[in-house]
Amino acid sequence: VDVQLLIDIFPQVLLDGIILGFMYALIALGYTMVYGVLEFINFAHSEIFVVGAFVGVEILLALQAQGILEGLPWPVVLVLVLAAGMAASGGLAVLIERTAYRPLRGAPRLIPLISAIGVSFFLQDLIRLVESLWRNAFNLVYPTIEPLNVRFELTQTLDVSVKSLVVIVAALLMLWALHVLVNRTRIGKAIRAVAEDQAAASLMGINVNRMISLTFLIGGAMGGAAGVLFGVQYGLINPYTGFIPGLKAFTAAVLGGIGNMPGAMIGGLVLGLLEAFAASYMSLLTHGAFGAEYKDIFAFSMLILILIFRPKGLLGEVVRERA
Amino acid sequence: VIAQAALAIVGVAASTWTVWAFPRSILAFLLFQASLLVVYLVRVPRWLRVALGVLALGFIMPGIGTVNGYYLEVATQVGIFVALALGLNIVVGLAGLLDLGYVAFFAVGAYSWAIFGSPQGNVVFGGGFPLAGWWFFVFLVVGLLVAAGTGVLLGLPVLRLRGDYLAIVTLGFGEVIRVLANNLDKPINLTNGPKGITPIARPPLPEFLSYPLYLYFLVLAIVVVVILVNRRLEASHIGRAWEAIREDELAAQAMGVPLVRLKLLAFACGASFAGVMGVLFAAKQVFINPESFTFLESIGVLAMVILGGMGSIPGAIMGASVVTVLNLQVLKGLSLWLNELRNAGTVILGYNLANLPTQLEPAKYERMVFGVILVLMMIFRPEGILPVRRRQLEAFHDGDAGGPVLDAPGAAGGGAR
């Protein structure tokens, strides 16, 4: 084993892991918030994420077609795209909740889960249908924004692109905003109250349905933002892109303790780092016998192991049983 | 009764004639399938129903197959999915354990025969492969055992989990199996990776049959066995224990039902059906690769079970037939039709269809079909189209009166502690 090589690539892998981790953290928040309020796995969240990515690429392509993409300053473009992606995904999440989940509230636990799987599948092909009709293509590439691709060579083995920094900063900003919203405002307090005990919250004059919609809106918006950032960072998207990141983000949420928001962030980062290291080091350590292809297995095995040995997750949020 | 018997007989006869007269028409074949449903639904003496069923499936269907080979292929596929749906029905419908990675067991069965029944065996174990065709029948049992064993192996650690966690873990497991199949071409070449394995040996052919017919009858035979086993299981104390677990784990446990053992049994039973069908699938296709065993397939089988009605054997059969036919015939037919219109440049409402995007292919929209089925069934008719009679009586649309279907709230904690 070439130890020097292992050391050399370390910073780069660390950076990749952090970016991936923030991506997972943003998506995981959607799962964990909904789970906290309804105790239900919103399986369609991965498509909510993808819709954000598609809205982003459509706006960028439209700007490009108008020939004004180059003219606008990139922060403006980025904020515009992020806002649009968040609005679309948040709105979609609320719509899904109203149509596919609310009629099933109070039904046995697996009924809404099956419905959510159905919504997820339906949306995948709906996106494909719309894009097929509109562009006659459903594998789309994010237009490059030149300033974002500028790279700084920090050391010989580590270079950082502007867009990675943008992803990290944007993710941090959003996580901070969410933290303030949930912990420092009346609305946040109401959401937490509903998560704690719906009946009691309702007795205190909180409109439970509205708070649930709001939870979907916020979680969906975070997912949409993650979708746009995913597109900016990795470029290629298609309607089925969301499945694996969605599953991994759910793993992250469980890892941190589902229902627990700081847990989702930590779980996302931990999973992103583990995966980045597994992807680049496994192949080196086993002399190519087990390569990066196994990083998915790695994540799913983690999920299985956590659920078996520590279902409460790292931060140990107590998962209540509906009695 | 006489009128209904006449209806059934006339239905089968008329639809047979239609298929005979219009061998290329999808509608005619759909009519034939519908006539089978009529046979099931009408109130006629049991012997007549069985006789009509045997006549239709054992004689008329092979006859149709000689006129239009594609229909035989469709019928064989339907048979495979019926067996899969019946297997999943035990796990989801009877025992109430949502398994989202069911196709993994199908894959395990398929690969167990594919490796030994093809030159791939030489790569793994040295010379002597492929095994002769008659080993196929041995491997039907081997596939069953391997799949059941895999089911137990997966079940042992995860069956203590709560319902929704169990669903996600089985999903992860299904993906793990697929990724393994995709990547185990190194360090030792076991599955030949994404390139897949071919040619896979088929069972030796009796002289008077052709392979499509032979495979059709094999599938039919296995499906009949599976149905019989299912019916016996459902009526046995094991089946009733499964239903007790589904309705209320805590209560079942209090009544002395050994939870873990019975859940494992359910997993193993469901998996074994998939394993057997996997072996047959490998032989039928001659070529398999990981693409056939995706999450999409698992959800497809789940949609079949849910459409027909969880826990209902006729429901699973009907669900499998409807969904398979929808995918293989209706969507494909729509695709072909659209293509013809596109090529002909037909104009509808002032829109020239030649301008229709080429990416618009209804045949590729299986997921939408599955998705719509799952959502609509959950919201409007969670008991399915052909529900279990008892469940029908329970009328569980009205609040709590009928009790929960799956993993009742409050029952959830039972195993987890």
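This note goes through one helix, several salt bridges and one pocket of a predicted model.

1. **Basis.** In this predicted model, local features need pLDDT of at least 70, side-chain atom pairs count only at pLDDT 80 or more, and totals for chains, interfaces and linings use all residues. Residues are numbered from 1 along each chain as its sequence is written, chains are lettered from A and ligands numbered from 1 in the order in which they are written, and side-chain values use heavy atoms, with hydrogens and water left out.

2. **Helix α4 of chain B.** Helices are DSSP runs (H or I, at least four residues), numbered from the N terminus. α4(B) covers residues 69-94. Its expected span (1.5 Å times one less than its number of residues) is 38 Å for 26 residues, and the end C-alpha atoms lie 36 Å apart, which agrees. The helix bends by about 35 degrees at B:Leu88; the bend is the angle between axes fitted to the seven residues ending there and the seven starting there. Just after α4(B), B:Gly96 has a positive phi of about 70 degrees.

3. **Burial of α4(B).** Of its 26 residues, 23 are buried (under 20% relative accessible area; exposed is over 50%, partly exposed in between; 1.4 Å probe, protein chains only).

4. **Salt bridges in chain B.** The count is 13 over all chains, taking a side-chain nitrogen of Lys or Arg within 4 Å of a carboxyl oxygen of Asp or Glu. B:Arg178 and B:Glu175 pair at 2.8 Å, N to O. Both lie in helix α8 (residues 163-183) of chain B, three residues apart, about one turn. Both are buried. B:Arg246 and B:Glu243 pair at 3.3 Å, N to O. They are three residues apart in helix α10 (residues 237-247) of chain B, so about one helical turn separates them. B:Arg246 is buried at 4% relative accessible area, and B:Glu243 counts as buried at 10%.

5. **Network in chain A.** Salt bridges with shared partners join A:Glu97, A:Arg102 and A:Arg105 into one network. A:Arg102 meets A:Glu97 at 3.1 Å, N to O. A:Glu97 is buried, with 0% relative accessible area.

6. **Second largest pocket.** Its lining has 25 residues; B:Phe81, B:Leu296, B:Glu297, B:Leu328 and B:Glu366 lie nearest its centre. A pocket is an open set of points on a 1 Å grid over the protein atoms alone, where a 1.4 Å probe fits, with protein on both sides within 12 Å along at least five of seven lines; lining residues have an atom within 4 Å of a point. α13(B) gives the most to this lining, with five residues.

Technical notes: Helices (H or I, at least four residues) and strands (E, at least two) are DSSP runs, numbered from the N terminus.
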